[in-house]
Amino acid sequence: MHQKKRFCLPFLTQLTVRSMLTAVRSAVVVGLTLLAVTSPIAQQKTVFTEQVYARINSVYGSEAKEDVANWRQLVAELQSEDLDEKLYQINRFFNRFDFVDDLVHWQQKDYWATPIEFISTGAGDCEDYTIAKYFSLLELGIPEQQLRLMYVTALELRQPHMVLAYYETPTSIPLVLDNINRRILPANKRRDLSPIYSFNGNGLWAAKAMGTGRKLRGSGPMKMWDDMVERLDRVMYGDKEE
């Protein structure tokens, strides 16, 4: 295992606001279809089939297959737990993976891994931690309007970073799930983070303060999310030409 480096290098230099909005809409479709938000336990048995595990084994090996199975088991076990336990266990599960920069890990300047890629390789950067936590909590029944993927500046490191924010209500101070600081803290206790904007399935916001802001609009495709959806489709359903 690599030594953990709990920070995130600069990213998203090419993305437009509309690109992010397109990304979010794609993400919700993926979350609903592949991670079975509405009926997770029932769908888990049909979506994560032996064929899916065979493809994971073929690409990443038997250890990765076991790691993904452990993730599925955790999601199943947490279904009846209270909110705090869900947040704690999902944050803990993913924060144990190594931080590795995209250039080193994927030989690309910026790469958004699927949860399966992140788990199977045991490493990723801040976007990968956040995306995996987001999808997992959606599957555990937390409404999407209570979750936002938030871009911030890590002030001590002086660089962009991504975290997951959970809102009890639309106007409440969110809890921050992060790979830099493993403790789940209210945003007003994270003075080391300065918000830039946040997004989820309901839109994209520019942050005026941590957890608040105005909705943004724009135009343009979002290739990285499209690529992630396609990669996830291939693992879950096989090549279309098959």
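A surface patch here is made of residues with over 30% relative accessible area and no salt bridge, and like charges are joined within 9 Å. With that in mind I opened this predicted model and turned to its charges and its rings.

**Entry: surface charge**

I looked for a patch of negative charge and found E77, E81, D82 and D84 gathered on the surface. I then followed D84 to its place in helix 5, which covers residues 83–95. I noted its relative accessibility as 55%, and D84 therefore counts as exposed, since the cut-off for exposed is over 50%.

**Entry: salt bridges**

I searched the whole structure for salt bridges and came away with 5. In one of them E139 pairs with R72, with 2.4 Å between the closest N and O atoms; I traced E139 to helix 8 and R72 to helix 4 (residues 62–78), so that this pair links distant parts of the chain, 67 residues apart. Are the partners buried or exposed? I found E139 buried at 0% relative accessibility, and R72 is buried as well, with a relative accessible area of 1%.

I next wrote down the salt bridge between E117 and R231, whose closest N and O atoms are 2.8 Å apart. This pair, too, links distant parts of the chain, with E117 in helix 7 and R231 in helix 9 (residues 223–237), 114 residues apart. E117 counts as buried at 6% relative accessibility, and R231 is buried with a relative accessible area of 13%.

Within helix 9 I also looked up E230 and R234, which are 4 residues apart and therefore separated by about one helical turn. They form a salt bridge in which the closest N and O atoms are 3.2 Å apart. I recorded E230 as partly exposed, with a relative accessible area of 42%, and R234 as partly exposed at 36%. Finally, I noted that salt bridges link D178, R190 and D192 in a network.

**Entry: aromatic rings**

My search of the whole structure for aromatic pairs gave 11. I singled out F118 and Y129, an edge-to-face pair with 5.0 Å from centre to centre and 75 degrees between the planes. Because F118 lies in helix 7 (residues 115–121) and Y129 in helix 8 (residues 126–139), the pair ties together parts that are 11 residues apart in sequence. I checked the cover of each ring's residue: F118 counts as buried at 0% relative accessibility, and Y129 is buried with a relative accessible area of 2%. I then followed the ring pairs outward and found that they link F93, F94, F97, F118 and Y129 into a cluster.

Definitions and conventions
Residues numbered from 1 in each chain as written. Predicted model: local features only at pLDDT ≥ 70, side-chain atom pairs only at ≥ 80, totals over all residues. Heavy atoms only, no water. Patch = residues over 30% accessible without salt bridge, like charges linked within 9 Å, V, L, I, M, F, W, Y side chains within 5 Å. Areas by Shrake-Rupley, 256 points an atom, 1.4 Å probe, with all protein chains shown as cover. Salt bridge = Lys/Arg side-chain N within 4 Å of Asp/Glu carboxyl O. Lys, Arg positive; Asp, Glu negative; His and termini not counted. Charge placed at Lys NZ, Arg CZ, Asp CG, Glu CD. Helix = DSSP H or I, 4+ residues; strand = E, 2+ residues; numbered from the N terminus. Buried < 20%, exposed > 50% of the residue type's maximum accessible area, 1.4 Å probe, protein only. Phe/Tyr/Trp six-rings, centres within 6.5 Å; stacked < 30°, edge-to-face > 60°.
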